[in-house]
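Here are my notes for your first look at this model. Please keep the structure open and find each residue as you read.

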Amino acid sequence: AMKHFGDIAFTDHVKAEQELRGSREMYAGMTARPAPTGIGERETAFISMRDSFYMATVSEDGWPYIQHRGGPRGFLKVLSDTQIGFADYRGNRQYVSIGNLQTERRVSLFLMDYPNRARLKMLGRAKVQEAESNPDLASELAIEGQGKVERLFTIDVEAFDWNCPQFITPRFTEAELSASLTPMVED
């Protein structure tokens, strides 16, 4: 079952800091409401528009690692109301995230929409499998024109949270700028 983001992220030490600094009451109210039942229409639409996200894993030595994942819009797919996934293609061949996931499956994802100053945080447990071990899923996650799918990442989402827009600097892709500037250039 899906949990509140705060039920996972707000450990005893975090709650103590919130109490000390005056924000505990606000966040206690957040976790008192019913938890989401799953990834909804708003989250699905947001995820389908992303062309990148950041994924954090932890090494067997306890060191955090953040990886940027990118592709065409929609490369990260909602597979069910509690699962997302993406195809993994040949990259820089460091395999840090894959190695980290051998001992600790917990991941944290940041999905950013810089132009609209929106951020979706997700916590879950990731699984990596070779593409040939699940051809149906490989076909579902494959993105045309991206090459041969080598691995499949699936993430069982345990919690998510929409963050406030404060301090998100608007940034625009070349395509977003082009769409905005083309009418001005043509005039």
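1. **Starting point.** Treat this as a predicted model. Side-chain atom pairs are counted only at pLDDT 80 or more. Numbering starts from 1 along the chain.

2. **Salt bridges.** How many salt bridges does the structure hold? The count is 10. Begin with Arg-151 and Asp-88, whose closest N and O atoms are 2.8 Å apart. This pair links distant parts of the chain. Arg-151 belongs to strand β7, residues 151-163. Asp-88 belongs to strand β4, residues 83-88. In sequence, 63 residues separate the two.

3. **Buried or exposed?** Check both partners of that bridge. Arg-151 has 8% relative accessibility, so it counts as buried. Asp-88 has a relative accessible area of 4% and is buried. The cut-off for buried is under 20%.

4. **A second bridge to Arg-151.** Glu-150 also forms a salt bridge with Arg-151. Here the closest N and O atoms are 3.0 Å apart. Glu-150 counts as partly exposed, at 21% relative accessibility. Now trace the shared partners. Arg-69, Asp-88, Glu-150 and Arg-151 are joined into one network by their salt bridges.

5. **Another bridge to look up.** Arg-106 and Glu-104 meet through their side chains in a salt bridge, 2.8 Å from N to O. Arg-106 is partly exposed, with a relative accessible area of 49%.

6. **Aromatic pairs.** Searching the whole structure gives 5 aromatic pairs. One of them joins Phe-46 and Trp-162. The ring centres are 4.8 Å apart, and the planes meet at 75°. That makes the pair edge-to-face. Phe-46 sits in helix α4 (residues 41-48) and Trp-162 in strand β7, so the pair ties together parts that are 116 residues apart in sequence. Phe-46 is buried at 9% relative accessibility. Trp-162 counts as buried too, at 19%.

7. **A stacked pair.** Next come Phe-53 and Phe-75. Their ring centres are 5.7 Å apart and their planes lie at 15°, so this pair is stacked. Phe-53 lies in strand β1 (residues 52-58), while Phe-75 is in the loop between β2 (64-70) and β3 (77-80). The pair therefore ties together parts that are 22 residues apart in sequence. Phe-53 is buried, at 1% relative accessibility. Phe-75 is buried, at 5%. Look further and you will find a cluster: ring pairs link Phe-53, Phe-75, Phe-86 and Phe-153.

8. **Charges over rings.** Go back to the rings of Phe-46 and Trp-162. Which residue has its charged end over the ring of Trp-162? Arg-42 does, at 3.8 Å from the ring centre. Arg-50 lies over the face of Phe-46, 4.3 Å from the centre of that ring.

9. **Contacts of Val-128.** Find Val-128 in strand β6, residues 118-130. Val-128 is partly exposed, with a relative accessible area of 24%. What does Val-128 touch, leaving out residues up to four places away in sequence? The contacts are Ile-98, Leu-101, Arg-151, Leu-152 and Phe-153. Take Arg-151 as an example. Val-128 and Arg-151 are 23 residues apart in sequence, yet their C-alpha atoms are 6.6 Å apart in space.

10. **The largest pocket.** The volume of the largest pocket is about 400 Å³. Its lining has 26 residues. Nearest the centre of the pocket lie Gln-67, Arg-69, Asp-88, Tyr-89 and Gly-91. Two of these names should be familiar: Arg-69 and Asp-88 also belong to the salt-bridge network. Which elements each supply at least two residues of the lining? They are β2, β4 and α5 (96-100). Strand β2 gives the most, with 5 residues.

11. **Helix α2.** Finish with helix α2, residues 12-21. Of its 10 residues, 1 is buried, so helix α2 lies largely in the open. Just after α2 comes Gly-22, which takes a positive phi of about 90°.

How values were computed: Predicted model: local features only at pLDDT ≥ 70, side-chain atom pairs only at ≥ 80, totals over all residues. Heavy atoms only, no water. Salt bridge = Lys/Arg side-chain N within 4 Å of Asp/Glu carboxyl O. Helix = DSSP H or I, 4+ residues; strand = E, 2+ residues; numbered from the N terminus. Buried < 20%, exposed > 50% of the residue type's maximum accessible area, 1.4 Å probe, protein only. Phe/Tyr/Trp six-rings, centres within 6.5 Å; stacked < 30°, edge-to-face > 60°. Lys NZ or Arg CZ within 6 Å of the ring centre and 35° of its normal. Contact = heavy atoms within 4.5 Å. 1 Å grid on protein atoms, 1.4 Å probe; cavity = no way out; pocket = protein on both sides within 12 Å on 5 of 7 lines; lining within 4 Å. Points joined across faces, edges and corners; volume = space filled by probe spheres on them.
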